[in-house]
Amino acid sequence: MTVVGSDTERLARADNTEPLLVVKDLKTHFQIDAGLVKAVDGVSLEIERGKTLGIVGESGSGKTVLSRSIMRLNIANNVINTGSIMYDGEELITKSSKQMQKLWGVEMAMVFQDPMTSLNPVVRVGRQLTEHLRYHLGVGKPEARSTAIELLRSVKIPEPESRIDNYPHEMSGGMRQRVCIAIALACGPKMLFADEPTTALDVTVQHQILNLLATQQRDRFMTMIMVTHDLGVVAGRADEIAVMYAGKIAEKAPTGTLFSDMRHPYTQALLWSIPKVSQPKHTRLSAIAGRPPDLINPPMGCSFSPRCPYAQDKCREEEPPLVAGSTPGHQFACWYPVGSKENEEAYAKNLADGVAVTLAAEGKIRATEELTAEVIADIAELDDSVIDVSDSVDEGDS
Ligand SMILES: Nc1ncnc2c1ncn2[C@@H]1O[C@H](COP(=O)(O)OP(=O)(O)OP(=O)(O)O)[C@@H](O)[C@H]1O
Ligand code: SF4
Ligand SMILES: [Mg+2]
């Protein structure tokens, strides 16, 4: 059985060198009374098997809609879905919900932000797991129960033989999220979507859960999409990062390249907003100036222009295309990319003109290099300092 990720299954997955997922020009638009919400607007990406792609962006940038669209969970009368989603050689965009049901859980699964909304509060966690196993894998009750106990053990739930009979409210937040991960992993999916899986948890438990996901992903040779608003969360964990803004990819690169050679001003602004371990307690995070754009009537040209310290007239008139950077796999969409001579000139001009967002970004721009090094050091330090104690301690939320 594949549910606990056998070596044979893992090796078979690793043998296949074709990308597991190839998305081309994916659009998800919602028709509502106020107009057409272009939540995902022409996204293309591909993920190799066994790799993790981090999708990063502020609230409302389209991360969840993109993940749900790839899983074809956004099927309603007011949803317009176009483009192509090739999953393991199969086109998903034309599949009905009924056809997709065969893939959900078994091929692809999702861990959501809030475990309390994905678990049924009046059903014991064991039953929620065993029903899932029995439905998808057709196993009998005793086998489903013993597999469920093994799954709970594999996600480091202490004393799974008794915990299996708990109701969700009898567990801590971290433990509930472990149960959700166990449910998502139950049928051995090839692809796991983790949509802000730790936002509702405190910082220590966050790291335990992120480390657990990374271990499971590696042991099972799963392909993972990790969605987050925090560039720091994916910095040490994703192979590649796609930065989303207003339903589009602003920049995409292998993780190392993104940090050493970021070109998009929005990526740079996200970097400024990462909390640092070295900051004194209660330091205010550097929020990105302005608000994300209206997705029904986005600004003309580059949608980041009202908030960008480098914006010029061209930015407000013409939308920048996604172009290749100098490193393989690096793409960005910007007329005056960070690190270029044009960018320096645009910045100097805006400073001289007293443009408010440029003045506000002054100190931060100069500190970008230091911040990059600091963030990478912080992540290594946090990973070293967090010890997974869930095997020996009855985990609480604080
Ligand atoms: N069913 C829907 N109908 C209309 N608009 C929608 C629908 N679902 C999402 N949207 C809009 O699509 C945009 C993108 O939403 P999405 O949930 O993907 O953002 P997100 O990046 O995941 O944000 P967050 O970090 O807050 O989770 C938002 O403006 C949202 O209001
Ligand atoms: S410099 Fe121009 S094109 Fe680049 S992000 Fe800023 S506004 Fe957009
Ligand atoms: Mg979301």
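Visitor: Which residues in α5 meet which residues in α6?

Guide: First, a caution: this is a predicted model. In α5, look for G126, L129, T130, L133 and R134. In α6, they meet A144, R145, T147, A148 and L151.

Visitor: Why do residues three or four places apart in a helix point the same way?

Guide: An α-helix has 3.6 residues a turn, so such residues end up pointing the same way. Keep that in mind when you look at the α5 residues G126, L129, T130, L133 and R134.

Visitor: At what angle do α5 and α6 cross, and how do the residues of their contact divide?

Guide: The two axes cross at roughly 115° and come within 9 Å. The crossing of α5 past α6 is right-handed. As for character, the contact has 5 nonpolar, 3 polar and 2 charged residues.

Visitor: How are α5 and α8 placed, roughly parallel or roughly antiparallel?

Guide: Start with the angle. Helix α5 covers residues 125–137 and helix α8 covers residues 173–185. They pack at about 15°, with axes 9 Å apart. Angles under 35 degrees count as roughly parallel. Therefore α5 and α8 are roughly parallel to each other. Their crossing is right-handed.

Visitor: Which residues make the contact between α5 and α8?

Guide: From α5 come V125, Q128, L129 and H132. From α8 come V179, A182 and I183. These divide into 5 nonpolar, 2 polar and no charged residues.

Visitor: How many residues does the largest nonpolar core have, and which helix gives the most to it?

Guide: That core has 100 residues. Helix α8 gives the most, with 8 residues. Those with the most contacts inside the core are I181, A182, A184, L192 and V243. You have already met A182 in the contact of α8 with α5.

Visitor: Which residues is I181 in contact with, leaving aside its neighbours within four places in sequence?

Guide: Find V111, V155, L212 and L213. Each is in contact with I181.

Visitor: How do I read burial along a helix? How many residues of α2 are buried?

Guide: Go residue by residue. Count other C-beta atoms within 10 Å; 20 or more means buried. Helix α2 spans residues 63–70, and 7 of its 8 residues are buried. They are K63, T64, V65, L66, S67, S69 and I70. Across the protein, 42% of the 398 residues count as buried.

Visitor: Is S146 buried or partly exposed?

Guide: S146 lies in helix α6, residues 141–154. It has 13 other C-beta atoms within 10 Å, so S146 is partly exposed. Now look across to T130, 16 residues apart from S146 along the chain. Their C-alpha atoms are separated by 9.1 Å.

Visitor: Where does K156 lie, and what is its phi?

Guide: Phi is a backbone angle to check residue by residue. K156 has a phi near 65°, a positive value in a residue other than glycine. K156 sits in the loop between α6 and α7. With 22 other C-beta atoms within 10 Å, K156 is buried.

Visitor: What is the phi of E196, and is E196 buried or partly exposed?

Guide: Phi of E196 is near 45°, again a positive value. The loop between β7 and α9 holds E196. E196 counts as partly exposed, with 19 C-beta neighbours inside 10 Å. Just after α2, R72 takes a positive phi of about 60°.

Visitor: How many helices and strands does the protein have?

Guide: Count 16 helices and 12 strands. Among contacts between residues at least 6 apart in sequence, 67% join residues at least 24 apart.

Notes:
Residues numbered from 1 in each chain as written. Chains lettered and ligands numbered in written order. Predicted model: local features only at pLDDT ≥ 70, side-chain atom pairs only at ≥ 80, totals over all residues. Axes fitted to C-alpha atoms, helices over the stretch in contact; angles between N-to-C directions. Helix = DSSP H or I, 4+ residues; strand = E, 2+ residues; numbered from the N terminus. Parallel < 35°, antiparallel > 145°, perpendicular 65-115°, else oblique. Left-handed = near helix turned anticlockwise from the far one by under 90°. Contact = placed C-beta atoms within 7 Å. Nonpolar A, V, L, I, M, F, W, Y, C, P; charged D, E, K, R; others polar. Core = buried A, V, L, I, M, F, W, Y, C linked by C-beta atoms within 7 Å. Buried ≥ 20, exposed ≤ 12 C-beta atoms within 10 Å, placed from the backbone.
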